[in-house]
Amino acid sequence: MDRPVSRPRRNRRTGIIRSLVRETHLTPSCLVLPLFLHEGKVDVPIAAMPGCNRLSPDGLLRSAERAFHDGVGAIVLFPAIDESLKTKLAEECYRPDGLIPKTIRALKKQLPDLIIITDVALDPYSSDGHDGLVASDGRILNDETVEVLCKQALCHAQAGADIVAPSDMMDGRVGAIRRSLDSAGYTDVSILAYTAKYASAYYGPFREALDSAPRAGDKKTYQMDPANRREAIRELRLDEAEGADMVMVKPAGPYLDVIAEIRRSTVLPVAAYQVSGEYAMIQAAAQKGWLDERSAALESLLAIRRAGADFILTYFAQKAAHWLKS
Ligand code: PBG
């Protein structure tokens, strides 16, 4: 029998050897925790996202503190807005005393070092449930929407947001938001662009969480076609030219090839969003006893890092940080 000359298994022989040769590392510092908030006094569980709640102001502070304590340095805020405040023009999204600005101010008082990222898009505030303004014939209006997004981003910056993250996929919004922030003196507020955001079925549980599903139509005229990879590079070039500080791919797990492609094509930091449906799949299988939650979650996050993401938005952030420490 021919004996192998090369034996890759030698590098896997013990735990210490395996950690010497490990190519990718997952640490709490590369995790970002998205949190849902509402005006209510109690935390309300989200059925399709076990472990996640629509948080009260107190609950939000507690979740942020716990994550920060475990080494998660940044959170993203997503508001569930009362139906009565939703309008066609989504004016609530830039009200200085709205839920998001109010919450940013409270968080900054309690946890000044925690980095606060806000989502810039109209869907939680729009009676149409779209990320942009909807014309009478159903079209999503690009340039008119960008004007509202600029007001929203500025409102978040004024309240103390560190990073604004436009997730709306309108054309030209990164440049317009940059100019608005700069001309108001917010040159230190960063833009994390949702660069390659796909029209994905995996956002289902999130839309339930915020009650923000489109009332008519879908998001395919602005979010990207899941079939396209080259188009992600086109979006990347635009966002770079318009002044994005960081770029993002979303969803993450089913789009590892896109993450890798974006990683090769830019020197900017690359983020990936492990979205609600990715989280829900692991949770559902874990609840049935079909998957081990901890090892499946950590493996999914490691794979996203291996594909090239510098940091990951994930509903597992606090738990994963905790697991990584123990
Ligand atoms: C809205 C927004 C969505 C998500 C983040 N921001 C939903 C959508 O585009 O319909 C999805 C996040 C998730 O599913 O976890 N602009």
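**Exercises on helix H10, strand E1 and the ligand**

In this predicted model, the cover over the buried residues of helix H10 includes strand E1 (31-37), helix H8 (256-265), strand E11 (270-274), helix H9 (276-287), strand E12 (311-314) and helix H11 (317-325).

**Exercise 1.** Determine which residues of H10 are buried, and describe the span of the helix.

*Solution.* Begin with the length: H10 covers residues 293-307, and its 15 residues reach 21 Å from the first C-alpha to the last, close to the 21 Å expected at 1.5 Å a residue. Next, taking buried to mean under 20% relative accessible area, list Glu293, Ala296, Ala297, Leu298, Ser300, Leu301, Ala303, Ile304 and Ala307. Finally, look just past the helix, where Gly308 adopts a positive phi of about 130°.

**Exercise 2.** Work out how the two faces of E1 are covered, and which strands pair with E1.

*Solution.* In a regular strand, side chains alternate between the two faces of the sheet. Assign Leu31, Leu33, Leu35 and Leu37 to one side and Val32, Pro34 and Phe36 to the other, and note that all of them are buried. Then follow the pairing, which is parallel with E12 over two bridges, with E4 (residues 74-79) over six, and with E3 (residues 53-55) over two. As landmarks, Val32 stands opposite Leu313 in E12, Leu37 has Pro79 of E4 as its bridge partner, and Phe36 has Arg54 of E3.

**Exercise 3.** Identify side chains that place an N or O atom close to a polar atom of the ligand.

*Solution.* Start with the ligand oxygen atoms, one of which lies 2.8 Å from an N or O atom in the side chain of Gln223, while an oxygen is 2.6 Å from such an atom of Tyr315. Turn then to a ligand nitrogen, which is 3.3 Å from a side-chain N or O atom of Lys250. The protein covers 100% of the 400 Å² of accessible area that the ligand has on its own.

Note on methods:
Residues numbered from 1 in each chain as written. Predicted model: local features only at pLDDT ≥ 70, side-chain atom pairs only at ≥ 80, totals over all residues. Heavy atoms only, no water. Helix = DSSP H or I, 4+ residues; strand = E, 2+ residues; numbered from the N terminus. Expected span 1.5 Å × (residues − 1). Buried < 20%, exposed > 50% of the residue type's maximum accessible area, 1.4 Å probe, protein only. Contact = heavy atoms within 4.5 Å. Polar contact = N/O pair within 3.5 Å; in protein donor to acceptor, adjacent residues only side chain to side chain. Areas by Shrake-Rupley, 256 points an atom, 1.4 Å probe, with all protein chains shown as cover. Pairing = 2+ DSSP bridges.
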